[in-house]
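Visitor: Could you take me through one part of this structure slowly and closely? I would like to follow the aromatic rings, and to hear beforehand how far the model can be trusted.

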Amino acid sequence: MAASSPPLPSSFLSRRRFLSNFTSFKHFSISLHRGKRCRFRCQIKSFENQPPNWSVDFLSGTEPVHLNSPSQMTMASASASDSSVKAVKRVCLFYCNETKALAERIAAESDAIELRNINWRTFEDGFPNLFIPNAQGIRGQNVAFLASFSSPSVIFEQLSVIYALPKLFISSFTLVLPFFPTGTSERMEDEGDVATAFTLARILSNIPTSRGGPTSLVTFDIHALQERFYFGDNILPCFESGIPLLMNRLQQLPDSDKISIAFPDDGAWKRFHKQLQHFPTIVCNKVRIGDKRIVRIKEGEAAGRHVVIVDDLVQSGGTLIECQKALAANGATKISAYVTHGIFPNRSWQRFEHDNGGHPENGLTYFWITDSCPRTVKEVMSKPPFEILSLAGSIASALQI
């Protein structure tokens, strides 16, 4: 259906964009009056040079219909797009000395993350002498702190900063603690045992609130799932996992179709089997024979498979090594391992050898760990079988929540 109208001015017809504008105008008039036979009187009300906009009034009966140019509609769309860009959460990320390298990798993941430093100094008596430069500059900002509680000696100075930042009139505060260090001390077996996991959770639960409310805590693969209930109401724990990093890496292997996942005990199976349910699984368990505890395969087949042992953390590595021996004895062609947190006290990582091209009884093809424990990363970097899967992307995404 065409609308009848007086001839358009030649100046209007000479505009470069007229054709696309007029097409949009025609389609719009049809959609308004589909199914009706109507006659219209069309009148151009305005045409401005910069930007080239026009407006038209359709006069039908007694009610006019006003139509703006597509350029105005485009400007409105651009404005909406700008609003979505402005919605990106900008974050000032502070860090301690140990986490500087990880913080730089996180900042490289997003332009919305800006690194801020802290002056970590000590007095002559050894107590912290700390200073937050340009403290007034973070007022009203979203602030995060990347912590590493690798030893009791560094926890106090970092807690001092963690408690100070929310009081600087910031908009929100997020504590990123990739490894929750006291996670293995989560229960009491004898009267007098102290569950230090509960102690640390209570300390973090009392971080002062910022203007935006309680502190958010981002941590990865906490050792015992029940530990989430140790935190009080003044902190919002966000429990993330490093398993997606492992899954991405496994897909890149040439023998990805021959991967099986082994869990060293029932606890690891309960923790991770749902995330890894698409792979054939093997479950091991510990059996006491006399004074010795050995690892046996409880269920699953290892023969002819590249078996990847998965757990949340490793310390001395004794359980993983025993698991490796059991899998090799049952015909695994390759054996690798993954843990989110490579703690390795007393350089126990040196116990793990490389298999040197397919000898699973002698060592591992790969040992994947994340960079949640910065000291370990420095020690094992570029030393086969170790390979680092960085949490930087996962943390950058979590900071946008």
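Guide: Since this is a predicted model, a word on confidence comes before the rings: over residues 10-38 the pLDDT stays under 50, and for this stretch the model has 29 contacts beyond four places in sequence. The pLDDT is likewise under 50 over residues 1-5, with 12 such contacts, while the mean for the protein is 84 and 77% of its residues reach 70 or more.

Turning now to the rings, the structure holds 11 aromatic pairs, and one of them joins W349 and F386, whose ring centres are 6.3 Å apart with the planes at 85°, so that this pair is edge-to-face, as an angle over 60 degrees counts. The pair links distant parts of the chain, because W349 sits in the loop between strand 16 (334-342) and strand 17 (367-370), whereas F386 belongs to strand 18 (residues 386-389), 37 residues apart. Both W349 and F386 are buried.

A further edge-to-face pair is formed by F352 and F367, with 5.0 Å from centre to centre and 85° between the planes. Here F352 lies in the loop between strand 16 and strand 17 and F367 in strand 17, so the pair ties together parts that are 15 residues apart in sequence. F352 has a relative accessible area of 6% and is therefore buried, and F367, at 0% relative accessibility, also counts as buried. Taken together, these four residues and F344 form one aromatic cluster, made of F344, W349, F352, F367 and F386.

Technical notes
Residues are numbered from 1 along each chain as its sequence is written. This is a predicted model: local features need pLDDT of at least 70, side-chain atom pairs count only at pLDDT 80 or more; totals for chains, interfaces and linings use all residues. Side-chain values use heavy atoms; hydrogens and water are left out. pLDDT is the predictor's confidence in each residue, from 0 to 100. Contact means heavy atoms within 4.5 Å. Rings of Phe, Tyr and Trp (its six-membered ring) pair if their centres lie within 6.5 Å; planes under 30 degrees apart count as stacked, over 60 as edge-to-face and the rest as tilted. Helices (H or I, at least four residues) and strands (E, at least two) are DSSP runs, numbered from the N terminus. Buried means under 20% relative accessible area, exposed over 50%, partly exposed in between (1.4 Å probe, protein chains only).
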